[in-house]
Every structure is written in structure tokens, then in C-alpha cells.
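Colleague: I am new to reading structures and would be grateful for a close look at one part of this one. Please choose a single element, describe its surroundings with care, and then place it within the whole.

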Protein chains: 2
Amino acid sequence: MTQPIDFYFEFSSPYGYFASTQVEALARDIGRTVNWHPILLGPMFKIMGSAPLTEIPLKGDYARHDFVRTARLFGIPYSHPEKFPIATLAAARAFIHTRQQDAAKAPELALALYRAFFAQGRDISDAQVVLDVAQDCGLDRGQTAAGIADEAVKAQLKEENAQAMARGVFGSPFIIIDGEPFWGFDRFPHIRAWAEQA
Amino acid sequence: MTQPIDFYFEFSSPYGYFASTQVEALARDIGRTVNWHPILLGPMFKIMGSAPLTEIPLKGDYARHDFVRTARLFGIPYSHPEKFPIATLAAARAFIHTRQQDAAKAPELALALYRAFFAQGRDISDAQVVLDVAQDCGLDRGQTAAGIADEAVKAQLKEENAQAMARGVFGSPFIIIDGEPFWGFDRFPHIRAWAEQA
């Protein structure tokens, strides 16, 4: 019996966004389903002594260029956010709360949040914007607001982020399939090749 | 009239090695030739506040795994060197000296040096090993030894590395084609797509 793919993504990550638009198709092609896991890169950067791509000298200018070009090459709508990177606690907590209520709905919310931030110029670091997006997805605004503020949801996100790091996750997107780790949207072709050879 | 591809590579970089085995085919497919440029990542890491991949917490373990897997997926001979990363001054200077004598011969030397380090377990940080490899390529051992020690060759490498950084080169492999920068072996498919759209 095949195991689901574990798909780790940070809501402020352009390559995570690109991956989110294709991960279900990838999984289908190799006979898998997807478990979606929002992560927070902040604590991971701290351990690595790293920083958001766009803040690194030399690499930053390249990264901004590569975001736009990659989106164009893959036909993914993209407009680099004015405020970037952003805090994604509200988005990640809304995801976790939604998953607890309706597991099938959570990926739909993730895709809508990513689209809002990277294609529609909406600042999803603002909890009110997260609630707007949730509402557009047919979720209850009041319940989602309560979920974002829920101590148990906060603790769950923290715990899941620690678990991800314990599994070796350090970037976005990150996919683990049968224990095999793949970092980066550019590893999608590698995943296909690996699955064929396995 | 099309311009050649500028191909930047560090002799201690596994992804640079992978790229070196495919860059001529890539260029041919898109109607270009290749200018090979050895670079030294050390000064670039200093500016970025970065370090060799394998020395970064979390990322290091993944990188070692990805080197081997990527080589296998692409059918490239690979055995991760016991001593890694290494200083590549001698290799880069031998390349530059060879290019001055016989431009067509230099890429052949680069491929042989890469193969020696990443497939044959030979330590090319040792100038004597570099000379062994040069000799196997049909180059004159004494002349190459003199080239490695030549102050003008040393200055030329330093100057070319500075020029690369001024063009935004910060990693290996790095390709610039008509001013368009691509970082990483995993950008080869992007280069093909970009060239088709251009």
C-alpha cells in the first residue's frame, strides 16, 4: 500500500506557491495522495544561520528575477508582493484549524491564500485578509477567527514545525515520499524520475 | 549572431560537475557555444555570509544525499569525495594556463579534473594530482606546473573571479546567456524553455 506524499510549504515562499499549484498533479501521476503541512521557515533559518533568499547579498537580486521567470515558464500567475517576506502565522493557523474541521477543505484554503498573496497583491500577514480569503472559500469567518486565536491551534502548529525539522525539513517546498526527502520546486522532475526507478 | 553561453563552475562543486557533463549538449541544442569559466566560491560565500552546503546544519545532510541521488538519476558517475570541499586554486589556474595555450583543450582538462575528483577519488587540491590529470590529457607537465605557479595566471584568475561577481555570479554552476542569469544544474530545463520562448 502506498503512503501519501508529505508536502511542506511556507506561505511566504514563492517556490512553495509554485509547488502548491502542481503537487496534486504530481502525486496523481505517481499514484499517491498529498498530506499538506504548512511550516514556518523562521526557526529553520535560525538553525541554519540563514535568512530569506531576497535578503542575501548577490543571491537576493537573482532570486527576485528567478521567481518571476519561473512563474512565466510554468504559466503560473505571479506578481512579486510589495511587502516580502511576511509573517505567516495567521495563514498557517487558519490552515490547521480548517484541517481539523474539514480535512479536504484545507488544501483549497492553502491554494487560495497563496493566490491571494502571490497573484492578487493581498497581504496575508494580516489576519483580516486571511479571514476574507477563508470566507471566499466558503468557510465560516467567525469560526476561522476563533481558530486562529485558539491556543491549541497555536501549539499544534509549533509542534508540527518541530516535527518537520526533526524529519530534516529546512526549506520550502519540501517533499518527503517513503522517507526520501526532496527540497525545491526544481526537484519535481527528480521525484518523477525517482518514482519511476523505485 | 548568437553569443556564446558563459558557464561558471567551481571545481569543488558537485552540481558544477554534473553541469559540466551536459553543458555542451545543452548549448548545441539551443544553437550556442560555451565559454568555460572556473570560479572560486570562497570569496562569494564571504559576501553572502554563507558556507559550503555540506557545512550548513540541516541542509548539509540533505545535500550529501542529493548529490548521490542526482548523479544516479542522470546516469553520471559519482562517488562523494572523502575530503570535501577542497581548495581548487591549482585546478583553476591549470585551466586558465591551458586556455591561454590552447583554448579548445581547456574544457577537456576541466572535465578530466572533475571526473578525477568526483568519480575517481583523486584529490585535485594537490597540484601534483592536477599535473597527473593534465598529463593524461596530453598536456606538458612541466609547462602546466609553470603555469600554475605563474603570477600572471594567478592574477588572471583573481580578476576573472571579480568580474564574475560583478556580473552577479554567486554559485556553481552559473550560466549567463544573453545577459540572462541561471543558477544551478536544476535550471538546465529552464534554460531550454527560456531559449524556446526567446
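Modeller: What follows is an account of one strand, of its partners, and of the chains to which they belong. Please bear in mind throughout that this is a predicted model.

The chosen element is strand 3 of chain A, which comprises residues 174-177. Some context is useful first. Chain A contains ten helices and four strands, and along the sequence these elements follow the pattern β-α-α-β-α-α-α-α-α-α-α-β-β-α. Of the contacts in chain A with a separation of 6 or more, 69% join residues 24 or more positions apart.

We may begin with the burial of the strand. On which sides is strand 3 of chain A covered? Both of its faces are covered: A:Phe174 and A:Ile176 lie on one side, A:Ile175 and A:Ile177 lie on the other, and all of these residues are buried. To count as buried, a residue must have 20 or more other C-beta atoms within 10 Å of its own. For comparison with the whole chain, buried residues make up 41% of the 198 residues of chain A.

Next come the partners of the strand. Strand 1 of chain A, residues 5-9, pairs with strand 3 in the antiparallel sense, over three bridges. Two positions show how this pairing is arranged. A:Tyr8 stands opposite A:Phe174 of strand 3, while A:Phe7 stands opposite A:Ile175 of strand 3. As a general point, the strands of a sheet pair through backbone hydrogen bonds, and they may do so in the parallel or the antiparallel sense.

Strand 3 of chain A also pairs with strand 4 of chain A, residues 180-183, in the antiparallel sense and over four bridges. Here A:Ile177 stands opposite A:Glu180 of strand 4. Strands 3 and 4 of chain A form a hairpin with two residues between them. Within the turn, A:Asp178 has a positive phi of about 50°.

Strand 1 of chain A deserves a further word. Because four of its five residues are buried, strand 1 is largely enclosed by the rest of the structure. Strand 1 and strand 2 of chain A pair in the parallel sense, over five bridges. One position in this pairing is A:Phe9, which stands opposite A:Pro38 of strand 2.

The sheet may also be followed in chain B. There, four strands form an open sheet in the order 2-1-3-4, and the pairing is mixed. Its edge strands are strand 2 (34-38) and strand 4 (180-183) of chain B, each of which pairs on one side only. From one strand to the next, the twist averages 20°. Strand 1 and strand 3 of chain B pair in the antiparallel sense over three bridges, and B:Ile175 of strand 3 is the bridge partner of B:Phe7.

Strand 2 of chain A leads from the sheet to the helices. Strand 2 (34-38) is among the elements that cover the buried residues of helix 5 of chain A, and helix 6 (105-118) and helix 9 (151-166) are also included. Helix 5 itself, residues 89-101, has 13 residues and reaches 19 Å from its first C-alpha to its last, close to the 18 Å expected at 1.5 Å a residue. Ten of these 13 residues are buried, so helix 5 is largely enclosed by the rest of the structure. The buried residues of helix 5 include A:Arg93, A:Phe95, A:Ile96 and A:His97.

Finally, we may turn to the two chains together. A rotation of 180° with 0.0 Å of shift along its axis superposes chain B on chain A, with an RMSD of 0.0 Å. That is the relation of a two-fold axis. In chain B, the C-alpha nearest the axis belongs to B:Asp186 and lies 3.0 Å from it. The same surface serves both copies, in that 100% of the contact residues of chain B recur in chain A.

How many residues of chain B are in contact with chain A? There are 21 residues of chain B in contact with 21 residues of chain A. On the side of chain B that touches chain A, the elements giving two or more residues are helix 3 (41-48), helix 4 (59-74), strand 4 and helix 10 (188-197) of chain B. Helix 4 of chain B gives the most to that side, with six residues.

Definitions and conventions: Residues numbered from 1 in each chain as written. Chains lettered and ligands numbered in written order. Predicted model: local features only at pLDDT ≥ 70, side-chain atom pairs only at ≥ 80, totals over all residues. Least-squares fit on C-alpha atoms with pLDDT ≥ 70 in both. Contact = placed C-beta atoms within 7 Å. Buried ≥ 20, exposed ≤ 12 C-beta atoms within 10 Å, placed from the backbone. Expected span 1.5 Å × (residues − 1). Pairing = 2+ DSSP bridges. Axes fitted to C-alpha atoms, helices over the stretch in contact; angles between N-to-C directions.
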